[in-house]
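Q: I'd like a close look at one spot in this model, and then a walk outward from there. Could you take me through it slowly?

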Amino acid sequence: MTWVAEACLGFPEEVRPGSEANEEDTVVGEPLDWTQEWARALRELWQAAGEPTAAAIARQARAQVPPLTVTSSSWSEWRNGKNVPSDAKIARWLVVFLRGRARQRIPEFTVADDGWWKTAWERARAERQRGGRPHREHPTGLRSLVVERIRVGRIPRPADCFQDRQVAERVRAAAGEGGTVVLTQVLAGMGGVGKTQLAAAYARDAWDSGVGVLVWVNAASRDGIISAYAQAARELGLVSADHDDAGQAAEKFLVWAETTTDRGWLVVLDDVRRAADVNGWWPPAGTSAAGGQVVVTTRLREAALARADHHCVEVGIYTGQEADSYLKARLDDRADTVARQALARDLGHLPLALAQAAAYIVNADISCADYRDRFATRLLAQAVPGRESLPDEQERIVTATWEMSLDPADDLPGQVHLAGLARPVMYLASVLDPAGIPQTALTSPPALEYLTTYLPESAPDTDAANATPDLVDAEMVDEVLRVLHRYSLLLDHDRHATHREIRVHQLVQRATRENLASAKYGPELFTELAHTAADALFRIWPQTEPDYLGQILRANATALQQCTGGALCSPSTRTHPVLETAANSLGRAGQVSAAIAAHTALHETSGSFGPDDPYTLAARGNLAIWRGEAGDAAGAAAAFQELLADLLRVLGPDDPYTLSVRGNLAIWRGEAGDAAGAAAAFQELLADLLRVLGPDHPDTLSVRGNLAIWRGEAGAAAAFQELLADSLRVLGPDHPDTLSVRGNLAIWRGEAGDAAGAAAALQELLADLLRVLGPDHPDTLSVRGNLAIWRGEAGDAAAFQELLADSLRVLGPDHPDTLSVRGNLAIWRGEAGDAAGAAAALQELLADSLRVLGPHHPNTLRTRHNLATWRGEAGDAAGAAAALQELLADLLRVLGPHHPNTQRARGNLAYWRKLERGADEN
């Protein structure tokens, strides 16, 4: 056989091109096993080359002209001394490729010359052709054997446009990682991710690379495993063809697999559904004399399968690139990149769903966009081909794939107390956020009550140990979640993930919902499910949520609303409070525009209840509030004025909601610049509250506080002092409203000129807030900020720096309160003499405020004003004047000419213009 060399390479004189190695060429001191020697040198070269992956080597080989074929399994065998390339061109190219990369990385690296590589390869090939080492090296009495290759079971054919995935490379790499063969690999994952196709590709590579015996087992049952082993025993001649004891034949096969030395073998156990089915029937890969291998595919995440001597590979969905490559190959010019990627997102990158969707598109001769429309408006079962048209030998439509796992999960031996709970737990998980569901939602009282209704009744003669429990508790739910995770019906159940312990694939959720809705009494059951999930979220939603928790709860509320349609907002059920809570949470997190959009949608939906329905009227009030919070105080006041007129007509003047709206109207009149009008309105409202609710009602006390605020410095401190006495008497010292009154009293003492008294009062209040609410409550953080302000310049910046760290940790970087603390910190930097630093910090804050709050939010406008001021203080009077000129135009448009903030900006603009002119004159 001739080794084709580059022009610069020649053959050693003692080795002639085309000559075959023979025993006479062997001298004393030569290796007894040239296959092992060639592999040893190849490994050293590969390591010096940076250990390129099998996939990288295969790609480079395919790029040659003509292309060369190097599979991952063949590369593993060559590297580990199980074989050598059968083609001289591949052997030579492999050496040249690795040597080039090695010398790039390590210029001083030395490697054997081409003559040695050629000789070693030829002698290794001679060994392989004779069945092993040269005859004279074998013990007396042994002879080379020519053995027949045997294949049992049908390997599934490759799927159309099969993708060589990243996970496949992990499987192949593990087969020979670090020079140590991983003998048993378990490919685990949910139904539809392509585990069988990966195992089939691995098996075909092994067969093409010369494995002696390959057994493909349908391992869905113990009988299937035993039958396949028995057939292998017959094919190997271990038992006669008519041997009828399958168990005995299977045992003979396992003994053969452990003791044979004449050939390697591979057993694939496809679709193991119960770990118990494999007990006693594991192929002896770890003790095999011939180096046998086992590959298992399963949906189970079982400790019995994930043994220490097994390599477990979690098989997930396609990556974005893999999904796009697959759809591009299957659909050709039916979809461009944007359409393909959108379809992949719709289907959650699930291989089975993508295959069935592509088949449907091709069969129906429709565009990708048309399919997405059908997918969005039809049941899943109507958006995939019929059973007779399924692609790639698939047996089930995507909707039926996970039912196979639900049945055993719902009826586990030895866990009678959990019987019947797997499905309803999946029902609850199916209507919440697939990216992360708080386990507390599924263990909340509404959820436990719902799950209890699914417990089967115990038979009258059932003993206590096997009796059905009376109630479902949180521990039982946790056990069920572990079961669902074991059967890969959950993507993840991570008890250590904060508030996002449970993740589910979006198509598993949709199939679960549709199966429930199509059952008997489906619509009624689905409405009950929607309200249970909503009740659960509402129950766990704290009055004050950290930003991270708020994001998670809002995502779950959004998912619930999207997948349950009108079940939570209909004329028969009205609007569920969790929807209003989620919308308000958006506003509290600073996403005011999103809050307005959410409340607008609720208002439009509630319009079907009728214009005078209480829910419709309440929706108008919520929308008006967030309109004001977005900066449109005048618009909010006008909206409340219109609402008040309808409430007086529908509910009457003394209805609590009418009185509440009058208070909101007064507030927004004041925020729009009419402080006197706000105070007068609160004075009138207070008289009516005293008449309707009495002097000690919390609403009456609250209005007294608002009246004091809008009256301003004249008498505010005295009014809050009187209000505090009544709050202590009526509500008690630790009531949140009493604590709030104390804070307002301290602030107004400071505004009246008693800064020291304000600081002392806030210090005492802080101690009580730490005791009652804790250090991380927003009210505690707010009082810390006020205390820093009233203590004066000494140490304020340090206090705000500490407060900012806690606000970032508790509330998150985008919470309005965190942004406010950043503004105060910047101001105190300026007050401490660092005007340029203050301006720089405010510039950064403005960018975040525009992103989070929007351009018209009062806090954004205030930040612009402060930034202009500190630019001027830093020496840029012209820049300050220009910024204030732009701000004044926006304030005139948003707040009007008479608003205090507009007037303040006009005054500051005149000040900086004067300084600018003075600088120009000088």
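Is His 349 buried or exposed?

A: Buried: His 349 has a relative accessible area of 18%, and the cut-off for calling a residue buried is under 20%, so His 349 falls on the buried side. Bear in mind that this is a predicted model. As for where to look, His 349 sits in the loop that links helix H12 (337–346) to helix H13 (351–364). Its backbone deserves a glance too: phi is positive, about 60 degrees, although His 349 is not a glycine.

His 349 has company in that respect. Asp 271, another residue other than glycine, has a positive phi near 70 degrees. The setting there is a strand, E4 (residues 265–272). For a glycine with a positive phi, go to Gly 81, just after helix H3, where the value is about 75 degrees. Helix H3 itself (residues 72–79) is mostly covered, with eight of its eight residues buried. That list takes in Trp 75 and Trp 78, the serines Ser 72, Ser 73, Ser 74 and Ser 76, and also Glu 77 and Arg 79.

If you want a loop residue to set against His 349, try Gly 286. It belongs to the loop between helix H10 (275–278) and strand E5 (293–298). Gly 286 counts as exposed because its relative accessible area is 62%, and the exposed class starts over 50%. Glu 258 lies 28 residues away from Gly 286 in sequence, yet their C-alpha atoms are 8.6 Å apart.

Back to buried positions. Thr 581 is part of helix H24 (residues 577–588) and is buried, at 16% relative accessible area. Once you leave aside neighbours within four places in sequence, the contacts of Thr 581 are Phe 538, Trp 541 and Arg 588. Two cysteines are buried as well: Cys 368 at 1% relative accessibility and Cys 569 at 11%. As for disulfides, a search of the whole structure turns up zero.

Now for how some of the helices pack. Helix H25 (residues 592–606) and helix H26 (residues 614–629) have axes 9 Å apart, at an angle of about 160 degrees. That makes the two roughly antiparallel, since anything over 145 degrees counts that way. The crossing of H25 and H26 is left-handed. From H25, the residues in the contact include Val 592, Ala 595, Ile 596, His 599 and His 603; from H26, they include Tyr 615, Ala 619, Leu 623 and Trp 626. Sorted by class, the residues of the contact of H25 with H26 come out as seven nonpolar, six polar and three charged.

Helices H17 (residues 422–430) and H21 (residues 506–517) make another pair: their axes come within 9 Å and cross at roughly 115 degrees. The crossing of H17 and H21 is left-handed. H17 brings Met 426, Tyr 427, Ala 429 and Ser 430 to the contact, while H21 supplies Val 508, Gln 509, Thr 512, Arg 513 and Leu 516. The class split for the contact of H17 with H21 is five nonpolar, three polar and one charged.

So, to come back to your spot: His 349 is a buried residue in the loop between H12 and H13, with a positive phi of about 60 degrees.

Technical notes:
Residues numbered from 1 in each chain as written. Predicted model: local features only at pLDDT ≥ 70, side-chain atom pairs only at ≥ 80, totals over all residues. Heavy atoms only, no water. Axes fitted to C-alpha atoms, helices over the stretch in contact; angles between N-to-C directions. Helix = DSSP H or I, 4+ residues; strand = E, 2+ residues; numbered from the N terminus. Parallel < 35°, antiparallel > 145°, perpendicular 65-115°, else oblique. Left-handed = near helix turned anticlockwise from the far one by under 90°. Contact = heavy atoms within 4.5 Å. Nonpolar A, V, L, I, M, F, W, Y, C, P; charged D, E, K, R; others polar. Disulfide = S-S within 2.5 Å. Buried < 20%, exposed > 50% of the residue type's maximum accessible area, 1.4 Å probe, protein only.
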